[in-house]
Amino acid sequence: MSRLQGIGMTSQRTRDRLVRRLQEEGISNQRVLEVIRSTPRHIFVDEALASRSYEDTALPIGHGQTISQPYVVARMTAALLESGPLNRVLEVGTGSGYQAAVMAPLAGEVYSVERIRPLLDLARERLGELQLRNVRLKHSDGSWGWPEFAPYDAIIATAAPEQVPEALLQQLAMGGRLVMPVGPQGVQELVLLTRTPEGIERQVLDKVSFVPMLGGTQ
Ligand code: SAH
């Protein structure tokens, strides 16, 4: 039995159960549900936590960070998928690499930046294991975006700043969407911002709780 396939609490049956739960919670996008069904979340967490990897919760990944809750991953991915093209996507906060792995089959190219080097190295290994070749990673402070490949059709940030960084808005293509948590710890909102000829349109999707977006690298 290969590690990707999983057994017991990491088996396909357990993953199917997670997908049913997401459906009950209101996720209806079939393409997103299908990718979540086929993505082995257990390889993105420490082996000691593998048996909990198909629970709908965030889990620790070290360095004070967490792998995002599957519901939130599904919600953010669906919001971007349903609002326009995904040829070029930027993610701020690679973390475990799980959100990037979910985005990859739905997007043309995924560019993902992470400020903590050891997390980025591990994510690179895991994405390699899944042979996802359209994900490019970089060690840097993502509040500056990744100007080299801008503009992006979509930007997803998985850490919460108190205010949306201006650089991210500037790197959005016309019609591009940015989904991210914004606000201080405990009272964050998940917002969907769209760049239109008239300016930035703002829609609040949910109340959420993410780790903070921090400056600099380590
Ligand atoms: N998408 C990740 C979620 C990880 S938690 C996953 O699916 O596992 C958010 C991540 O954002 C953390 O790893 C944290 O180190 C990173 N982060 C926080 N501020 C950042 C910044 N300014 N630039 C890049 N990454 C940042």
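**Group meeting: a walk through a predicted chain**

Okay, let's start with how the chain folds back on itself: if you take contacts between residues at least 6 apart in sequence, 55% of them join residues at least 24 apart. One thing to keep in mind throughout is that this is a predicted model.

So, the overall picture. The secondary structure comes to 6 helices and 9 strands. If you draw a box along the principal axes, the C-alpha atoms fill roughly 55 × 35 × 35 Å. Does the chain look compact or not, going by its radius of gyration? Well, for 218 residues a compact globule would come out near 17 Å, and the chain has 16 Å, so the two agree. Of those 218 residues, 55% count as buried. As for the outside, the chain exposes about 10100 Å², with carbon and sulfur atoms supplying 49% of that.

A quick word on charge. There are 23 positive and 24 negative side chains, and the centres of the two sets lie 4 Å apart.

Now let's go inside. In soluble globular proteins, nonpolar side chains tend to be buried together. Here, the largest nonpolar core has 51 residues. Which of them have the most contacts inside that core? They are L22, I36, L80, L86, M103 and V179. Helix α3, residues 70-81, gives the most to this core, with 9 residues.

Let's pick L80 out of that list. Leaving aside residues up to four places away in sequence, L80 touches L86, M103, A154, I155, I156, R177, V179 and L192. Notice that L86, M103 and V179 turn up again there, having already been on the list of core residues with the most contacts. Apart from this core lies another one, of 20 residues, with V92, A157, L169 and L178 among them.

Next, please find strand β8, residues 188-196. I'd like to look at two residues in it. L193 lies in this strand, and at 4% relative accessibility it counts as buried, because the cut-off for buried is under 20%. What does L193 touch, not counting residues up to four places away in sequence? Its partners are V164, L169, L172, G176, R177, L178, I200, E201 and R202. Two of those, L169 and L178, we just met in the 20-residue core. There's also a long jump in sequence here: L193 and M76 are 117 residues apart along the chain, with 12 Å between their C-alpha atoms.

T194 is in strand β8 too. It's buried, at a relative accessible area of 18%. With residues up to four places away left out, T194 touches G175, G176, R177, G199, I200 and E201. So you'll see G176, R177, I200 and E201 among the partners of both T194 and L193.

Moving on to strand β5, residues 135-139, where we find L137. Is L137 buried or exposed? It's buried, with a relative accessible area of 12%. Again skipping residues up to four places away, L137 touches T94, S112, L120, A123, R124, L127 and W146. L137 and V113 are 24 residues apart in sequence, and their C-alpha atoms are 5.7 Å apart in space.

Last part: the backbone oddities. Most residues other than glycine have a negative phi, and most peptide bonds are trans. With that in mind, look at A150 and P151, which are joined by a cis peptide bond with omega of about 5°. P151 lies in the loop between β5 and β6, and β6 is 152-157.

Then there's H63, which isn't a glycine but has a positive phi of about 55°. You'll find H63 in the loop between β1 (59-62) and β2 (65-67). H63 is partly exposed, at a relative accessible area of 45%.

Q131 is another such case, with a positive phi near 55° in a residue other than glycine. It sits in the loop between α5 (117-129) and β5, and at 54% relative accessibility Q131 counts as exposed.

One more loop residue before I stop. Where is Q163? It's in the loop between β6 and α6 (166-170). Q163 is exposed, with 65% relative accessibility. Q163 and F210 are 47 residues apart in sequence and 14 Å apart in space, C-alpha to C-alpha.

Note on methods
Residues numbered from 1 in each chain as written. Predicted model: local features only at pLDDT ≥ 70, side-chain atom pairs only at ≥ 80, totals over all residues. Heavy atoms only, no water. Helix = DSSP H or I, 4+ residues; strand = E, 2+ residues; numbered from the N terminus. Rg over C-alpha atoms; globule rule 2.2 N^0.38 Å. Buried < 20%, exposed > 50% of the residue type's maximum accessible area, 1.4 Å probe, protein only. Contact = heavy atoms within 4.5 Å. Areas by Shrake-Rupley, 256 points an atom, 1.4 Å probe, with all protein chains shown as cover. Lys, Arg positive; Asp, Glu negative; His and termini not counted. Charge placed at Lys NZ, Arg CZ, Asp CG, Glu CD. Core = buried A, V, L, I, M, F, W, Y, C linked by side-chain atoms within 4.5 Å.
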